[in-house]
Amino acid sequence: MYDLDLDLESIEKFKDAEFDDATTGELELEERHALRRVAGLSTELSDITEVEYRQLRLERVVLVGVWTDGTSADADNSLTELAALAETAGSEVLDGLVQRRNRPDPATYIGRGKVADLRDVVVATGADTVICDGELSPSQLRNLEEKVKVKVIDRTALILDIFAQHAKSKEGKAQVELAQLQYLLPRLRGWGEAMSRQAGGSASGNGGVGLRGPGETKLETDRRRIRTRISRLKREIAGMATVRETKRAGRRERRVPSVAIAGYTNAGKSSLINRLIGAGLLVENALFATLDTTTRRSRAADGRIYTLSDTVGFVRHLPHQLVEAFRSTLEEVAEADLVLHVVDASHPDPEGQVRAVREVLADVGADKVAELLVVNKIDAADEETLLRLKREWPEAIFVSARSGAGLADVQTAVEDRLPWPAVEVHACVPYDRGDLVARVHSTGEVLSTEHTSDGTVLHVRVAEGLAAELAPYALIGRSVAGHVA
């Protein structure tokens with residue numbers, strides 16, 4: 001027989017249990033890994049001319065890039081990053097090619113002579129997709145697909161596919177869909193029935209009542225529907241941006257300092273914020289693992305309250321459609337008091353990461369915000385790289401979110417750079433206004449405090465609004481229990 005008392009106790013404990021933040025990220029990671037693509041099994045249409053009309057399914061891919069400037073190492077790093085993006089999207093990378101040219105070929109991206117070589121590699125490896133390390137024009141996409149006989153996508157479409165897989169919130173999904181439609185609109189193509197008229201009329205003979213007129217092709221109908229959907233998404237995102245701005249305005253009114261964590265994708269931003277304040281964000285060794293902005297409340301050692309926001313990761317040549325679609329989210333960085341810029345020390349080109357991130361920050365007007373550079377993953381980087389980075393960035397803080405090394409230095413540096421309240425006040429607050437004293441401790445800087453028979457004597461620095469509330473209790477030219485202001 002079962003012990004009834006024990007069962008009831010277990011049930012009550014289960015009912016009272018709550019999932020904490022640390023569990024949330026683990027559940028999201030488990031959910032993401034619950035359904036994976038199986039290589040080699042595809043139900044896609046064989047007609048590659050309809051590639052824009054179906055969902056991307058990346059399976060066995062060949063990468064191709066054009067090296068126009070920089071060193072060969074830069075070209076290799078770019079293709080290596082493209083391979084990581086392809087693997088994050090769920091594909092298997094079979095081969096990679098780099099073509100040296102002064103500029104990409106306007107017709108075929110890699111040049112007519114190299115297209116045949118690319119076709120041979122595709123046939124030899126059995127690939128079903130070619131991914132180009134750049135944004136292709138509609139004509140380049142069409143010409144390459146006609147030559148290599150498999151579907152061709154570019155870097156922008158690949159990143160958009162990853163974003164579509166990883167977006168979780170309503171705002172994130174809307175932003176990704178908007179970016180995808182803006183990318184898709186100029187690349188729609190009509191083939192066969194897609195070019196036929198839906199109403200013949202005088203264009204194809206006497207069609208009778210209701211069918212006269214030039215009609216509209218299916219391609220034109222698709223474009224019109226996409227434009228209508230884009231307009232609707234823009235209105236929805238604008239409404240969500242208003243809500244976000246209202247929250248920011250509330251924090252500004254309460255003078256709550258804000259810190260935004262920005263950096264290259266997979267630099268360890270979520271891991272760092274988890275170690276600093278136990279946010280419980282999803283952590284995965286993949287590019288663009290987290291997309292949705294997460295804001296958490298934190299407390300400094302002196303009692304001040306501030307917010308810490310995790311933002312979407314950046315990457316080289318981040319599609320401008322994404323920058324525009326995620327502008328309302330990226331404005332969290334522009335409105336912050338401090339940007340915690342996280343860099344991956346184990347990356348082959350950390351300096352290039354910093355340049356790419358600062359370019360995007362400049363696009364959203366966040367380049368004037370104070371920046372604290374944090375070099376992460378020092379446990380995975382070699383000593384020579386660390387010495388080089390320390391010479392180049394002497395003000396940076398070197399940490400490891402995995403081992404915890406240097407985290408205390410980050411916490412101290414963040415608190416030192418938080419804005420201090422502007423108004424200095426001496427006041428004796430009555431004991432029945434304990435709420436006012438609590439707000440002083442949570443949002444201001446307490447220089448001294450003493451409990452007297454008349455109340456709590458405070459010497460503090462606070463924001464203008466709180467100073468106005470303390471004004472009736474200010475010690476100005478009068479003494480209280482031996483205190484004279």
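This is a selection-by-selection tour of a predicted model.

Residues are numbered from 1 along each chain as its sequence is written, and side-chain values use heavy atoms, leaving out hydrogens and water. Because the model is predicted, local features need pLDDT of at least 70 and side-chain atom pairs count only at pLDDT 80 or more, while totals for chains, interfaces and linings use all residues.

**Colour by pLDDT**

Start with pLDDT, the predictor's confidence in each residue, from 0 to 100. The protein has a mean pLDDT of 77, with 75% of its residues at 70 or more. Among its elements, helix H1 (residues 4–16) has the lowest mean, 42, and S10 the highest, 94. Next select residues 191–195, where pLDDT is below 50; this stretch has ten contacts in the model beyond near neighbours in sequence. A contact means heavy atoms within 4.5 Å. Residues 200–205 also stay under 50, and the model has twelve contacts for them beyond four places in sequence.

Helices (H or I, at least four residues) and strands (E, at least two) are DSSP runs, numbered from the N terminus.

**Select 305–310**

This is strand S7, and six of its six residues are buried, so the strand is largely enclosed by the rest of the structure. Buried means under 20% relative accessible area, exposed over 50%, and partly exposed in between (1.4 Å probe, protein chains only). Ile305, Thr307 and Ser309 point one way, and Tyr306, Leu308 and Asp310 the other.

Add 258–263, strand S5, which runs parallel to S7 and is joined to it by four bridges. Two strands pair if DSSP finds at least two bridges between them. Alanine 260 has serine 309 of S7 as its bridge partner.

Then add 294–299, strand S6, which pairs with S7 in the antiparallel sense over six bridges. Here threonine 294 stands opposite aspartate 310. S6 and S7 form a hairpin with five residues between them, and glycine 303 in the turn has a positive phi of about 100°.

**Select 383–392**

In this helix, H13, Thr385, Leu386 and Leu389 are buried. Seen down the axis, the buried residues fall within an arc of 95° (taken from the directions from the helix axis to the C-beta atoms), so they line one face of the helix. They pack against helix H12 (350–363), strand S9 (371–376) and strand S10 (397–398). The face turned away from the buried side carries the exposed residues Glu383, Glu384 and Arg391.

Step back to aspartate 382, which caps the N-terminal end of H13: one of its side-chain oxygens lies 3.2 Å from the backbone nitrogen of glutamate 384.

Key. A polar contact is a pair of N or O atoms within 3.5 Å; within protein, one must be able to donate a hydrogen and the other to accept it, and residues adjacent in sequence count only if both atoms are side-chain atoms.
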